[in-house]
Amino acid sequence: MSAVSSSSWLYGAIQRRRNRGLGGLYLIVAAFLILYAVLFPGILSVGGFSKFTQNWFPLALVTMAQALLMLNGGITLAIGPLVSLGAVIAATTMDGVFGVPGGIVAVALTGLAIGAVIGAIVAHLRLPAIIVTLAGSFIITGVALILLPRPGGFIPGWLSNTLAGHTPVAFLLLVVVLVAWKAFLATPLGLGIYAAGDNPVGAFRSGVPVERAKVVAFALSGLLAALAGLFVAAQTGSGDPVIGTPFTLNSIAAAVLGGVGFLGGKGTMRGAICGSLLLSVMINVMFFLGFPPVAQYIAQGLIIVGAVAVPELLKAWRAKR
Amino acid sequence: MMDQKPLLEARQVFKGFFGNPVLKGVDIALRPGRVHALLGENGAGKSTLINLLSGALQPDSGTIAVDGKPVGRFSPAAARASGIAVVQQELSLTADLSIAENIGLGAFPRRFGLIDYAELHRGVRDVCAMVGLTEPLDMPVADLALGRRQMVEIAKALYRKPRVLILDEPTSSLSAHEAGILAGLIETLRDRGTALLYISHRLNEVQALCSHVTVLKDGGVTADQSLSGIDGEGLVRLMVGRETGDLFPPRASANPGALRVEVEGFSAGLVRDIGFSGRAGEIVGIGGLVGQGQEDLLLGLYGAIPAKAAKAEVSSKPGLPANVGAANAAGLVYVPADRKHEGLVLPHSIASNLILPSLGRLARNGFRDRAGEAGLIAELAKRLTIKGDVARPVQALSGGNQQKVALAKWLPLDPSVLLLNDPTRGVDIETKREIYLMLRGFAAEGRLVIIASSDTPELVHLCDRVVVLREGRVAAELAGEAISEEAIVGAAMGIDRKGAAA
């Protein structure tokens, strides 16, 4: 072996390898971004960039929430309701005695706790994640509707202006979240989430706490989805108990676009983030090109099927040659 | 040699799954500086014993002792803390993670809660040098060939600096060169005082490396002794031989009829370039260790997986069946080993399972013929001695009776060739006898029965001819008096026996 002794050599080399296979995705994202900038040069200003990233930010968060679980071999259908509940809790707690900090803590704890409970049910009772989260999604929607039957509540104006104003705060928050994810993935438990997704029996025999990894994955996923809800509440200036609904399927679509597999352990978070960016840009571009909404939905569906089918077809074609 | 205190012991351990006992009071003691062999046929309980010794399973009764002290609840983490490492037959690797991360998984060095990649790099570099892994450490395991992955698995065990190292079939996917490196490594570790447990179907390796042997048979220990002075055939004798009683019907006088299946240069899946033939009225057994191509041979003949042959004739037609429909039309039927998933629709009734392959044939003008179906069901149930209400769901039946349904559903097609994959696995003894009688009956009616089996006595006492596969090739073809457990197990394990190899 080469005598490279730099302490970061191995880590850096592994990280660079993880870009492998994502080149095509990076190119497509770049192409769409350029197209977007040509159609709408305003994105190159600070205000335009801020608005664009604000539209992307909640989708990026819920995509991370979804990809985290898909990498662990699961899936969640409770993303949308958690976003709604996060928005509702933000809008109903921020006028309380603890103010905005209290509201943020309440949203974060709710997301963590609900995620952990779902995770514990999935991990310890060995029930399928798709069923448990489907049931959870109904219950969470019900709770959100009890807390706030109609859109309303209170979000301080300064908070909306800070998060969703003319400054790229949302983008900076996304950078912070990504750095936190990198740090988490550099812990034994973070890698354990991957290992338990790809080969649960092998990971268990290697000494990875497979069940704990699953509970932690669900808890973090719940946290991210609830925080996305808080952001959406700030964006709209109020709480809406059903505002999160489209996020459930969009989070799955973005993760799949980013190359995250359904069977666990396959894919990367950076791919998923690119997938969410691509989906966000695509929706915007089609809007600016004047596609009618129906065509937008159909195009979105075709692109997602294509994103999954093309790599498979390429693989089969290469295998034949 | 000094008799040192065992590092790891199992004392009178019992373990069963779903009321089916697998280990019935097993003792084993692993001592430092000794390579201990664990031998036994498929299903003798070796894997279960390893899982108990490594904390992956808990014994129903009996104890696991480390350094002479019984341990309470044993887990993989506790086993690692006690210095026990296992090289599993089923690899424990994560495809998308790098070689280094896989080796460290579950035992990462940490700094401030994060993985210490610099420290990991040093440790991994050392163990990779020991096993001759020269690939870049940041390479994902998915990019490695199976043999190299096995070496990563071995490096992973060594990274844990074990006092006790358990190797389960470590050489099954290794090249001769890699196996040589491993053999050297085992000797080094032994001389350093590591206790090793070595499981292998390659008896020459066992003889070369090991000094002590424990033999498991049907969940019990039949030998626990030094290996000095025992040759390959002696080892085989320790592993086989059990009372068969009157389980098997008498063999009919061999009077095979016309050729039903004949292939030359046949390849399918794991099977490489073999010749195979069978005549009407014969029961032909296919033996060998697990996963040597038995299933692929059956599936290839059945047109269920891509197969090719230099020359083939099936049911008097040239060429192999192109697909399952063509095979059925030619009179071939297949009963899979995994009856719960491939052979039956479990929640449906016995009756609807029985008529499934005949629905189209019985239909009139596109509508089902209820009266015809009822008659057929009654006839089949009588013929197969399936007792009780045929409206019950199939999953309510015992494993043996499920197997009878999986077999019976094909009979209305009047098949000329039956391909059976391990038809008596998990079947109780009484039903086994009924199935054997049925198969004998089929042969007497002039059908060809081809049966792949992991049960050696079944091959010996039921079959007219036995083909033993090893690594996708024919290791031996035995007929009549030459069929014995010793001959089959010997051929399966690659021991040359005079006059047995074809």
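Two strands pair if DSSP finds at least two bridges between them. Helices (H or I, at least four residues) and strands (E, at least two) are DSSP runs, numbered from the N terminus. This is a predicted model, in which local features need pLDDT of at least 70 and side-chain atom pairs count only at pLDDT 80 or more, while totals for chains, interfaces and linings use all residues. Residues are numbered from 1 along each chain as its sequence is written, and chains are lettered from A and ligands numbered from 1 in the order in which they are written.

**Exercise 1. Find the residue that stands opposite B:L469, and describe the strands around this position.**

Step 1. Go to strand β22 (residues 465–470) of chain B, which six bridges join to β23(B) in an antiparallel arrangement.

Step 2. Across from B:L469 you will find B:V474 in β23(B).

Step 3. Now follow the chain through the turn: β22(B) and β23(B) make a hairpin with two residues between them. In that turn, B:E471 has a positive phi of about 50 degrees.

**Exercise 2. Place this hairpin in its sheet, and name the edge strands.**

Step 1. The open sheet has six strands of chain B in the order β19-β20-β21-β15-β22-β23, with mixed pairing.

Step 2. β19 (332–335) and β23 (473–479) of chain B are the edges, each pairing on one side only.

Step 3. At the β19 edge, β19(B) pairs with strand β20 (residues 417–421) of chain B in the parallel sense over four bridges. B:V333 faces B:L418 in β20(B) there.

Step 4. For the twist, neighbouring strands are turned by 15 degrees against each other on average, direction ignored. Here, axes are lines fitted to C-alpha atoms, for helices over the stretch in contact, and angles run from 0 to 180 degrees between N-to-C directions.

**Exercise 3. Trace the sheet of chain B that contains β6 and β12, and add the helices that lie across it.**

Step 1. This open sheet of six strands runs β6-β9-β10-β3-β11-β12, again with mixed pairing. Its edge strands are β6 (84–87) and β12 (220–226) of chain B.

Step 2. Inside it, strand β3 (residues 35–39) and strand β10 (residues 195–199) of chain B pair in the parallel sense over four bridges, with B:L38 opposite B:I199.

Step 3. Helix α1 (residues 46–53) of chain B lies across β3, β6, β9 (164–168), β10 and β11 (212–217), at about 155 degrees to β9(B). Helix α5 (residues 146–159) of chain B lies across β6 and β9, at about 180 degrees to β6(B). Contact means that the C-beta atoms of two residues, placed from the backbone, lie within 7 Å.

**Exercise 4. Classify the crossing of α4 and α11 in chain A.**

Step 1. The axes of α4 (residues 79–93) and α11 (residues 210–236) of chain A come within 7 Å and cross at roughly 55 degrees.

Step 2. The two helices are therefore oblique to each other. Angles under 35 degrees count as roughly parallel, over 145 as roughly antiparallel, 65 to 115 as roughly perpendicular and the rest as oblique.

Step 3. The residues of this contact divide into 14 nonpolar, four polar and no charged. In this count, Ala, Val, Leu, Ile, Met, Phe, Trp, Tyr, Cys and Pro are nonpolar, Asp, Glu, Lys and Arg are charged, and the others, Gly among them, are polar.
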